[in-house]
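Visitor: I would like a close look at a single part of this protein, with the terms spelled out as you go.

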Amino acid sequence: MTDILNALVVFANFVLVPGASYGAQLALGALGITLVYAVLRFSNFAHGDTMAFGAMVTVLATWALQGVGVSIAPLPTALLALPAGIVATAAFVLATDRLVYRFHRRQHSQPVIFVIVSVGVMFVMNGVVRFIIGPDDQSFADGARFLVTAGDFKRMTGLAEGLAIKASTLLTLVVAVVVVIALFWFLQKTRTGKAMRAYSDNEDLALLSGVDPDRVVMIAWLLVAALATIAGTLYGLDKTFKPFTYFQLILPMFAAAIVGGIGSPVGAIVGGFVIAYSEVTVTYAYKRVLGHLLPDSLAPDSLVQLLGTEYKFAVSFVILVVVLLVRPTGILRGKVI
């Protein structure tokens, strides 16, 4: 019985807990992508770098607050800096829409043109972020690092294996739940949210009903800026802030949005956790888990790892291809791209 508990603790420590925080971060990112697709009707390849931009401003604001001795320990100071990141990102994406996307929207350009334009915006934003803060890892986390350490868990339970829970993991889950509830309340209960849903469902009918398209577009970008900044900051607190990492996240976030059903907010959340747990379970080495479950004579000598961690994004790609071939509407039957 003790060996089974030790195996479960190892599995929870390296798969369940990290997968939960990573899934919440992917879900918030996928929500932004699916919101742009549902309202503005194009696949925004610049979303990963929008996250990087928002997180960068939050990092800079965090350093400024830390420099003058402002903190909310044991919580990270980045929570105080988040509004600055959201405001700056909102201004950036609204300026981008005014300078780039609005022209093509009025020309009624094809979705593929928007996609190409968003790729250009992605490279510009990536360059801006690297120019301002540099390409290297940046640390901005402070406050309590762990809620429970592996050593404390071992002493409390008497087990041979320990379970460590980082403060950033709990913070990610709590913030993600609050943000998702607030977003769904906005879309379901407010007049502006209902106008956005009507515009997304049938643009012509919404316009005949008096919906202001410019206001809907502006609100959509503001929501996307907030979601991207929060997701980017939580990811940076949980791992580290590095511009190129956010560029790589675009693949798992798109996979999450499509697997769940692009255009469906609930699908984006489901897809985020499906992709996160798929990546973590496939790339985890099960040697220690099997070492507790199997007799000593059958204990594995190798890592028992299906794929190396450097290939984790390949898992997202494979799932994305399979879903597009077998069920392009996704799990919750979203729109087809």
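Guide: What follows looks at helix 9 and its surroundings, and then at some loop residues elsewhere in the chain.

This is a predicted model, in which local features need pLDDT of at least 70 and side-chain atom pairs count only at pLDDT 80 or more, while totals for chains, interfaces and linings use all residues. Residues are numbered from 1 along each chain as its sequence is written, and side-chain values use heavy atoms, with hydrogens and water left out.

Helix 9 comprises residues 213–238, where helices are DSSP runs of H or I with at least four residues, numbered from the N terminus. Within helix 9 lies Thr 233, which counts as buried because its relative accessibility is 2% (buried means under 20% relative accessible area, exposed over 50%, and partly exposed in between, with a 1.4 Å probe and protein chains only). A polar atom of the Thr 233 side chain lies 2.8 Å from the backbone oxygen of Thr 229. If neighbours within four places in sequence are set aside, Thr 233 is in contact with Ala 55, Thr 58, Ala 78, Leu 82 and Phe 140, contact meaning heavy atoms within 4.5 Å.

Helix 9 also meets helix 7 (residues 191–201), their axes coming within 10 Å and crossing at roughly 105°; axes are lines fitted to C-alpha atoms, for helices over the stretch in contact, and angles run from 0 to 180 degrees between N-to-C directions. The two helices are therefore roughly perpendicular to each other, a term for angles of 65 to 115 degrees. On the helix 7 side, Thr 192, Ala 195, Met 196 and Tyr 199 take part, and they meet Pro 213, Arg 215, Val 216, Ile 219, Ala 220 and Leu 223 in helix 9. By class, this contact has 8 nonpolar, 1 polar and 1 charged residues, with Ala, Val, Leu, Ile, Met, Phe, Trp, Tyr, Cys and Pro counted as nonpolar, Asp, Glu, Lys and Arg as charged, and the others, Gly among them, as polar.

Turning to the loops, most residues other than glycine have a negative phi, and most peptide bonds are trans. The bond from Ala 73 to Pro 74, however, is cis, with omega near 10°, and Pro 74 is found in the loop between helix 2 and helix 3. His 108, in the loop between helix 3 and helix 4, has a positive phi near 55° and is exposed, with a relative accessible area of 66%.

Methods
A polar contact is a pair of N or O atoms within 3.5 Å; within protein, one must be able to donate a hydrogen and the other to accept it, and residues adjacent in sequence count only if both atoms are side-chain atoms. Angles under 35 degrees count as roughly parallel, over 145 as roughly antiparallel, 65 to 115 as roughly perpendicular and the rest as oblique.
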